Amino acid sequence: MNTRTIDTVVIGAGQAGIAASEHLTAHDIPHIVLEKDRIAEKWRTGRWDSLVANGPAWHDRFPNMIFPETSANGFPGKDEVVRYFEEYAARFDAPIRSGVEVLRVTKDGEYFIVETSKNTYQARHVIAATGPFQKPVFPDLIHSGAVHQIHSAAYRNPAELAEGAVMVIGAGSSGVQIAEELARAGRKVFLSVGPHDRPPRSYRGKDFVWWLGVLGKWDMTTPGAGRAHVTIAVSGANGGHTVDFRKLAELDFTLVGRTDECEGDEVRFADDLAENIRNGDANYLSVLREADAYVADHSLNLPPEPEAHDIGPLPAAATNPIRTLSLSEEDIGTVIWATGYTQDFSWLQVDGALADGKPLHHRGIGAVDGIYYLGLPWLSRRGSSFIWGVWHDAKFVADHIATS
């Protein structure tokens, strides 16, 4: 293969890679963006058909371009998000090379050697912009051959699933939205609910993301104590709404606790459903109280919403929980694992860049000079893995490269 020399190689052409390319271009830094598939591939093929962004269009975007097809308070669909990134990259003629897979990155003297499926590059800087959705977590728990098991990344729509009931494991944004879609399509659904935060979609006329901003929560640099792995149940579907497990239970839903183990045909659940729902309620109410205090402190003219504080009793499924169920007796034909993703940096073979497979960095600047990271959760703050947040992190990284 030919070896090409360039200042910076960006790996990944999702939101992180495009943001990096924009800021590198502004600094006149020669670079190339390598993408093994297509621009925003995870939005194309790693999402279900009806998915919309979980934040409104005024918020979940880059600063220099609005979503042209969706109103400011609407929630753009996944296909529109793909078009957005394609058009954004075209604005500054981002040097993206699609269909080029990075196989290995090593260090040789002053250069990083980037071996790909097409060419080899030597670069002074490498930006890993592969994002947080790299390798689906698929627990090896249920071994019954009678059910079809998929990760939420492979789910598309209710019609594609096998006949029968569906068990969705994981009650974050993906799990809740998929389960609700299935129930509204007439499927019997079992939803396994683990620990979660449950913020209001909107309160006192302002979206949840607005409250996170004014309350300083987007700029938090680390999760709260014990909250690093707690998922967030929030939805932009059907115009956006607050996730409420009480209302979900009114559909053809059966709520169960965290999935613990499976023996043969029998699945067992932890006795934690009531606790998980209560903790989610506590998170919800804490946001309302902080918002009320902020309104009072700043004398804002935002209409009070006292009814939002009335959450009602626990659903019957929580007070009289199911601890075990038989997959065959409940006619469960599909299990969907909405259990998130892990990172995969196996291609990064540079001494000192990783520890136990995880990147070593401070605000995206790697422990090894010349290595950078973008798009990871909590890279610099809470918003780092979101569209708007990655743009600001990318500017910080590009500025650092320009002065290094």
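These numbered points go through some features of a predicted model, for a reader who has the sequence and the structure at hand.

1. A small group of strands is a good place to begin: 3 strands form an open sheet, in the order E16-E17-E18, and their pairing is antiparallel. At the edges lie strand E16, residues 259-263, and strand E18, residues 324-326, each of which pairs on one side only. From one strand to the next, the twist averages 20°. As general background, the strands of a sheet pair through backbone hydrogen bonds, and they may do so in a parallel or an antiparallel way.

2. Within this sheet, strand E17 (residues 266-269) is joined to E18 by 3 bridges, and the two run antiparallel. When looking at this pair on the screen, one can find valine 267 standing opposite leucine 325 in E18.

3. The largest nonpolar core has 89 residues, and the members that touch the most others are Phe62, Phe85, Val105, Ile127, Leu191, Phe245 and Leu374. Helix H9, which spans residues 387-403, supplies the largest share of this core, namely 7 residues. There is also a second, separate core of 16 residues, which includes Phe190, Val256, Leu327 and Ile332.

4. Leucine 374 deserves a look of its own: setting aside residues up to four places away in sequence, leucine 374 touches a list of residues that includes Ala16, Ala20, Ile127, Thr130, Leu379, Val390, Asp393 and Val397.

5. Two aspartates call for a check of their backbone angles, since most residues other than glycine have a negative phi. Aspartate 93, although not a glycine, has a positive phi of about 55°, and its place is in the loop between helix H3 (78-91) and strand E3 (96-98). Aspartate 93 counts as exposed because its relative accessibility is 65%, and the cut-off for exposed is over 50%. Aspartate 331 likewise has a positive phi, near 55°, and is found in the loop between E18 and strand E19 (332-337).

6. Is valine 52, with its 15% relative accessibility, buried or exposed? Valine 52 counts as buried, because 15% relative accessibility falls under the 20% cut-off. This residue is found in the loop between helix H2 (41-45) and H3. Leaving out neighbours within four places in sequence, valine 52 is in contact with Phe75, Pro76, Gly77, Gly236 and Ala237. Valine 52 and aspartate 79 are 27 residues apart along the chain, and their C-alpha atoms are separated by 8.9 Å.

Technical notes:
Residues are numbered from 1 along each chain as its sequence is written. This is a predicted model: local features need pLDDT of at least 70, side-chain atom pairs count only at pLDDT 80 or more; totals for chains, interfaces and linings use all residues. Side-chain values use heavy atoms; hydrogens and water are left out. Two strands pair if DSSP finds at least two bridges between them. Helices (H or I, at least four residues) and strands (E, at least two) are DSSP runs, numbered from the N terminus. Axes are lines fitted to C-alpha atoms, for helices over the stretch in contact, and angles run from 0 to 180 degrees between N-to-C directions. A nonpolar core is a set of buried Ala, Val, Leu, Ile, Met, Phe, Trp, Tyr and Cys residues joined through side-chain atoms within 4.5 Å. Buried means under 20% relative accessible area, exposed over 50%, partly exposed in between (1.4 Å probe, protein chains only). Contact means heavy atoms within 4.5 Å.
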